[in-house]
Amino acid sequence: MAVGIKPGVKRTKLTQAQLRAAGYLGSGMTYKATAREVGVNASTLHRWRQLPMFRAAVDEAADKYLREAYNNAMGKIIEQLENPDPWLLVQTARIVIEQYSRVCGRDNEQQLTIVMGDQVVKPGMPEVDTVDG
């Protein structure tokens, strides 16, 4: 039996099935796969999608999923700061600086610069400059 909200019935909170479906959809799972996992028809998911509470739950799940993916990716990038390869180290530092600048809302004139040995690293820099001594 499909778990769903009957037309014309108002709910004040989401069911467990709806919360699970919101989590799956928010993580990028297709409607078909989500319906199979939750045990409902895909048409039920489309009907749920009309509910503001369900849409908000999907959006929240997507935000959480993307935040976790971003944090995992940045963790992998930061691990590369220990890499002995100078080119990779500079490229990694550039990514970290660009992300920090983006998160902190810095504009181009307030961007960070890091000097590592004779390398200058700035966000958006196409090439690595050499510091004149």
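The protein chain of this predicted model has a secondary structure of 5 helices and 3 strands. Read from the N terminus, the order of elements is α-α-α-α-α-β-β-β. The chain has 133 residues, of which 26% count as buried. Taking contacts between residues at least 6 apart in sequence, 47% join residues at least 24 apart.

The description begins with the first two helices. Two packed helices are described by the angle between their axes and the distance between the axes. For helix α1, residues 16-26, and helix α2, the axes come within 10 Å and cross at roughly 145 degrees. This crossing of α1 and α2 is right-handed. On the α1 side the contact is made by A17, R20, A21, Y24 and L25, and on the α2 side by Y31, T34, E37 and V38. Sorted by class, the residues in this contact of α1 with α2 are 6 nonpolar, 1 polar and 2 charged.

An α-helix has 3.6 residues a turn, so residues three or four places apart point the same way. In α2, the buried residues are A33, T34, A35 and V38. The buried residues of α2 pack against two helices, α1 and α3.

T34, a residue of helix α2, can be taken by itself. Its relative accessible area is 0%, and T34 is therefore buried, the cut-off for buried being under 20%. Leaving aside residues up to four places away in sequence, T34 touches A21, Y24, L25, M29 and L45. Of these, A21, Y24 and L25 belong to the α1 side of the contact between α1 and α2. The side chain of T34 also has a polar atom 2.8 Å from the backbone oxygen of T30.

What follows α2 along the chain? The residue is G39, and its phi is positive, near 85 degrees. V40 is placed in the loop between α2 (31-38) and α3 (42-48). Is V40 buried or exposed? V40 counts as buried because its relative accessibility is 9%. V40 and Q18 are 22 residues apart along the chain, and their C-alpha atoms are separated by 9.9 Å.

The next residue to consider is F54, in helix α4, which spans residues 52-79. F54 has 0% relative accessibility and so counts as buried. When residues up to four places away in sequence are not counted, F54 touches L14, Q18, A21, A22, L25, L45, W48 and R49. Three of the residues on this list, A21, L25 and L45, are also touched by T34. F54 lies 39 residues from T15 in sequence, and the C-alpha atoms of F54 and T15 are 9.8 Å apart in space.

One residue touched by F54 is W48, and these two residues bring the account to aromatic rings. How many aromatic pairs does the structure hold? There is 1 aromatic pair. The ring centres of W48 and F54 are 5.7 Å apart and the ring planes stand at 55 degrees, so this pair is tilted. An angle under 30 degrees would count as stacked, and one over 60 as edge-to-face. W48 and F54 are both buried.

Notes. Residues numbered from 1 in each chain as written. Predicted model: local features only at pLDDT ≥ 70, side-chain atom pairs only at ≥ 80, totals over all residues. Heavy atoms only, no water. Phe/Tyr/Trp six-rings, centres within 6.5 Å; stacked < 30°, edge-to-face > 60°. Buried < 20%, exposed > 50% of the residue type's maximum accessible area, 1.4 Å probe, protein only. Helix = DSSP H or I, 4+ residues; strand = E, 2+ residues; numbered from the N terminus. Polar contact = N/O pair within 3.5 Å; in protein donor to acceptor, adjacent residues only side chain to side chain. Contact = heavy atoms within 4.5 Å. Axes fitted to C-alpha atoms, helices over the stretch in contact; angles between N-to-C directions. Left-handed = near helix turned anticlockwise from the far one by under 90°. Nonpolar A, V, L, I, M, F, W, Y, C, P; charged D, E, K, R; others polar.
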